[in-house]
Amino acid sequence: MYRAGSVRLRLTVLFASLFLVSGAGLLGITYGLVSNANNDIIVARFNSVSPSDGTTPSTGGSGTSGSAGAAAGGATLLGPGPAGLPNAELIQAQATQYASDTRARENDALLLYSGIALAIMAVVAAVLGWFTAGRALRPLRRITESARRICATNLHERLAVQGPDDDVRQLADMIDGLFARLDASLHAQRQFAANASHELRTPLARSRTLLEVALRNPGASAESLRAACERAIAAGDEQERLIEALLVLARGQRGLARREPVDLAAVTRDVLAARGDEVAARGLAMGVTLEPGLLGGDAPLVERAVANLADNALRHNRPGGAVWVTAGAEDGRAFLTIANTGEEIPPDAVGRLLLPFQRGSEAGDAYRARARSGPEDGLGLGLSIVAAIASAHGADLAVTPRLTGGGLSVRLTFPAAPAELVTAAGPALPAFR
Amino acid sequence: MRVLVVEDDGELAEAVAAGLRMEGMAVDTALDGPAGLDRALVNDYDVIVLDRDLPGLHGDDVCGRLIAAVRARILMLTAAGAIEDRVAGLGHGADDYLAKPFAFAELVARVRALARRSHPAVPPVLTAKGITLDPGRRVATRRGATLDLGAKELAVLELLMAASGRVVSAEELLERAWDEMADPFSTAVKVTVSRLRRKLGEPPVIETVERAGYRI
């Protein structure tokens with residue numbers, strides 16, 4: 001895959017260019033140092049063999065002097081013999097010229113051969129760089145391949161990279177974590193879809209069988225058919241309520257479209273007032289303490305959550321039992337606590353109560369036949385809807401079994417309302433005392 | 001034929017029971033796993049219609065505990081109709097599987113088919129000594145003439161004919177043709193057998209074996 005190789009290519013080019021630059025710099029410095037050093041030497045030597053024509057020894061500052069080819073008493077001197085002493089300047093000039101030419105040729109040679117060496121080594125460096133980059137990138141490429149395969153086939157697998165705890169390993173572990181979350185989320189969705197379809201088919205089967213059996217009855221009268229039709233309609237009602245509840249659940253899971261000021265105490269008061277008859281019918285004692293608590297949220301959803309909690313507390317209670325409701329604000333956060341007596345629920349069963357369609361059947365045996373006393377009651381969705389509404393509002397939901405007298409204690413704590421909502425609701429608060 | 005319906009949806013259980021009773025079967029119901037298991041172990045059923053999602057004890061577990069212990073055939077019902085669920089249900093030992101919602105006629109046909117599969121295998125239409133009985137159509141004929149038999153009479157006749165000459169005790173007749181509501185001390189069996197004899201006419205086919213039971 002050459003798209004993956006583009007990083008490799010870039011690394012190689014980068015490496016080769018860096019090498020070229022440093023190599024050129026190295027050779028340039030060397031060249032400069034070498035040519036300067038040679039000049040100094042030559043000037044000094046040349047001055048020490050200059051003829052005695054009264055010339056003062058000049059300092060080695062002149063760069064145009066040649067090499068040390070003109071040695072004192074050397075046989076290669078040009079020009080006339082000892083009689084031509086006045087040829088000293090000529091000798092000096094020629095020697096200087098010769099030295100200078102040689103000097104220049106040597107410098108050129110140094111430059112040329114340095115250049116060739118640099119070019120060769122640059123190629124070598126590029127090749128080495130290519131292989132090194134490949135080796136360094138191989139673990140990444142392997143991770144990409146594995147991740148692609150896992151995504152396409154089976155999310156239960158993990159990369160599980162062994163080796164030292166370096167960047168590559170951390171990346172792989174991070175990706176494994178993402179896979180786990182994706183897997184869990186997909187599993188939850190599948191579970192929910194399976195459960196929802198199951199729950200919707202049961203009332204359907206019921207109404208169908210009721211009607212079929214009524215029709216098969218050889219002694220069917222208008223009365224028996226009428227009764228069967230009414231029961232089928234009731235089964236249809238249950239389906240409608242279930243669909244409605246599922247939609248609320250989906251809406252809660254989707255998040256809030258708007259936030260308006262809501263007083264938790266006022267909502268709770270209304271919910272309890274609507275259930276006064278049921279409380280009396282069940283013979284329950286109620287302890288209610290309501291202080292105002294402001295939150296920013298979706299009023300119908302908040303009401304639904306409170307209603308579900310209240311219904312649970314009433315329904316899963318025992319005759320002569322009690323329900324305690326407390327609402328208020330703590331550190332600016334509105335909260336609601338509902339506790340009820342009832343059957344004992346083991347701590348490990350609590351988690352399952354929050355899942356959709358669990359009806360607490362293993363926790364206790366309160367759910368024999370399908371009770372139908374409230375909106376989501378008996379459908380097994382009540383608490384999971386509360387959980388979804390809580391999470392949409394950013395609220396905490398804590399469900400704990402009560403130790404004495406059985407039952408549950410549920411606490412819903414909302415985040416503090418945003419400042420602009422507090423001022424909007426300000427004047428209204430004192431009235432809710 | 002005696003059937004047990006184990007289903008946590010009370011209305012559905014009653015509707016199925018009523019429909020099966022119309023078909024001449026004796027039907028008991030149970031609303032959760034443990035009750036269903038108890039009932040199945042105590043009484044002798046031909047077929048058990050078992051819902052998978054039961055409170056108290058999952059249908060799969062009930063099935064697992066029953067297959068070795070009782071002779072009844074098990075038909076599993078469930079609202080989850082996916083292939084994996086069918087495979088799982090059958091894998092737990094169920095003899096047949098029906099997804100909800102179902103056509104009642106199909107339920108009846110499958111229950112009857114399962115009841116025939118006990119040892120020894122029972123043919124769909126029973127014949128013995130000139131009598132022909134079609135349990136599916138609920139029609140009995142003798143020498144070409146249709147007999148006008150009531151539900152219990154048909155059930156007793158079916159049991160006697162299916163026994164193929166084996167002696168069937170009165171207790172067994174009561175167990176297999178009446179539901180648990182029947183009073184074990186009543187004379188219902190005797191009365192039904194005598195009515196059946198009368199309707200079958202001459203020559204008599206049902207033989208009383210002293211202190212043992214009846215046989216055709």
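These notebook entries record what I looked up in a predicted model, with chain A, the contact between the chains, and parts of chain B as topics.

**Entry 1. Chain A.** I began with the secondary structure of chain A and listed ten helices and seven strands. I then checked burial: chain A has 433 residues, and 27% of them count as buried. For sequence separation, I took the contacts in chain A between residues at least 6 apart in sequence; of these, 73% join residues at least 24 apart.

**Entry 2. The contact between the chains.** I asked how many residues each chain brings to the contact. Chain A gives 21 residues and chain B gives 20 residues. On the side of chain B that touches chain A, I found that helix α1 of chain B, residues 10-22, supplies the largest share, with eight residues. I sorted this side of chain B by class and obtained twelve nonpolar, five charged and three polar residues.

**Entry 3. A sheet in chain B.** I turned next to an open sheet of four strands in chain B, whose order is β6-β7-β8-β9 and whose pairing is antiparallel. Which strands lie at the edges? I noted β6 (126-128) and β9 (145-147) of chain B, each of which pairs on one side only. On average, and with direction ignored, neighbouring strands of this sheet are turned by 25° against each other.

I looked at one pair in detail. Strand β7 of chain B, residues 131-134, runs antiparallel to β6(B) and is joined to β6(B) by three bridges. For Leu126(B), I identified Leu133(B) in β7(B) as the bridge partner.

**Entry 4. Helix α6 of chain B.** I followed helix α6 of chain B, residues 151-162, and found that it lies across β6, β7 and β8 (139-142) of chain B. Its direction is at about 70° to β6(B).

I then examined α6(B) against helix α7 of chain B, residues 170-177. Their axes come within 10 Å and cross at roughly 120°. An angle over 115 but not over 145 degrees counts as oblique, and α6(B) and α7(B) are therefore oblique to each other. I recorded the crossing of α6(B) past α7(B) as right-handed.

Which residues make this contact? From α6(B) I listed Lys152(B), Ala155(B), Val156(B) and Leu159(B), and from α7(B) Leu173(B), Arg176(B) and Ala177(B). By class, I entered five nonpolar and two charged residues for the contact of α6(B) with α7(B), and no polar residues.

Key: Residues numbered from 1 in each chain as written. Chains lettered and ligands numbered in written order. Predicted model: local features only at pLDDT ≥ 70, side-chain atom pairs only at ≥ 80, totals over all residues. Contact = placed C-beta atoms within 7 Å. Helix = DSSP H or I, 4+ residues; strand = E, 2+ residues; numbered from the N terminus. Nonpolar A, V, L, I, M, F, W, Y, C, P; charged D, E, K, R; others polar. Pairing = 2+ DSSP bridges. Axes fitted to C-alpha atoms, helices over the stretch in contact; angles between N-to-C directions. Parallel < 35°, antiparallel > 145°, perpendicular 65-115°, else oblique. Left-handed = near helix turned anticlockwise from the far one by under 90°. Buried ≥ 20, exposed ≤ 12 C-beta atoms within 10 Å, placed from the backbone.
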